[in-house]
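Work through the exercises below with the sequence and the model open. Each task is followed by a solution in steps.

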Amino acid sequence: PTVKSGHEYRYSVRAKNWGGVLSEAVTVTVKMPDAPKRPVDPPAPDVFCDDLKPLQATVGWGHFSVGKSAGGKPLTLDGKRHAKGLGVHAESTVVYAVPKGAKRFVATVGLDDSQKGDDRPSVIFKVVGDVKEMGEVPQVLAETPLLSNESKLRSWAFDVEIPERVKELRLIVDPTPDGIAADHADWVNAGFVTK
């Protein structure tokens, strides 16, 4: 059966021994965690990713786009159009050098509204920091829960502190095991806070 966030479920459990004899029933109660709550949109960055040249940009379908969705349409999240942002398609990685003095990375991310009527899109966004030193493993600084049309959670907001040692940020959109079909993903008002 399908379970719902925040609901409590009770099950009656009995054990059966090798002889087929059942034990007395025991009641087990399971409370599902509440659905994740979307953070509020962060303030606008001082330095937009749109104005920086990425060190790397790979996408699973189509082209890496600045100011447009992966499908070449306006960036649209939750019914609102945005002029600034990056349009990608899972599986994607976009890498930026951290600008001098940058203290935080901010963005509103999610599934582009162009795919709203499709039940296939499902992705996880990640912000990964890399110090660019031998032996240092890149570190996930933040990630979204699963974003999908089915889950009704289609967007998220990042306001991530950048550790001083981090030299590059990787903006990653991972597909889920169902593949990359219709995974049009937007990084809206993405960039760095320096003040």
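Buried means under 20% relative accessible area, exposed means over 50%, and partly exposed lies in between (1.4 Å probe, protein chains only). The model is predicted: local features need pLDDT of at least 70, side-chain atom pairs count only at pLDDT 80 or more, and totals for chains, interfaces and linings use all residues. Residues are numbered from 1 along each chain as its sequence is written, and side-chain values use heavy atoms, with hydrogens and water left out.

**Exercise 1.** Classify Thr-176 as buried or exposed, and describe its surroundings.

Solution.
- Step 1. Locate the residue: Thr-176 sits in the loop between strand S15 (168–175) and strand S16 (184–193). Helices (H or I, at least four residues) and strands (E, at least two) are DSSP runs, numbered from the N terminus.
- Step 2. Apply the cut-off: the relative accessible area of Thr-176 is 15%, so the residue is buried.
- Step 3. List the polar contacts. Such a contact is a pair of N or O atoms within 3.5 Å; within protein, one must be able to donate a hydrogen and the other to accept it, and residues adjacent in sequence count only if both atoms are side-chain atoms. The Thr-176 side chain has one with the side chain of Ser-122 at 2.5 Å, and another with the side chain of Asp-178 at 2.7 Å.
- Step 4. List the contacts (heavy atoms within 4.5 Å). Leaving out residues up to four places away in sequence, Thr-176 touches Ser-122, Val-123 and Leu-146.

**Exercise 2.** Which residues does Thr-144 touch, not counting residues up to four places away in sequence?

Solution.
- Step 1. Thr-144 belongs to the loop between strand S12 (139–143) and strand S13 (147–148).
- Step 2. Its relative accessibility is 4%, so Thr-144 counts as buried.
- Step 3. With that exclusion, Thr-144 touches Val-109, Ile-124, Phe-125, Trp-156 and Phe-158.
- Step 4. For a C-alpha distance, take Arg-38: the C-alpha atoms of Thr-144 and Arg-38 are separated by 9.3 Å, while the two residues are 106 residues apart along the chain.

**Exercise 3.** Examine the backbone at Lys-152, Asn-189 and Glu-91.

Solution.
- Step 1. Lys-152, in the loop between S13 and strand S14 (155–161), is not a glycine, yet its phi is positive, about 75°. At 71% relative accessibility, Lys-152 is exposed.
- Step 2. Asn-189, in strand S16, also has a positive phi, near 50°, in a residue other than glycine. At 27% relative accessibility, Asn-189 is partly exposed.
- Step 3. The peptide bond from Ala-90 to Glu-91 is cis, with omega near 0°. Glu-91 lies in the loop between strand S8 (85–89) and strand S9 (92–97).
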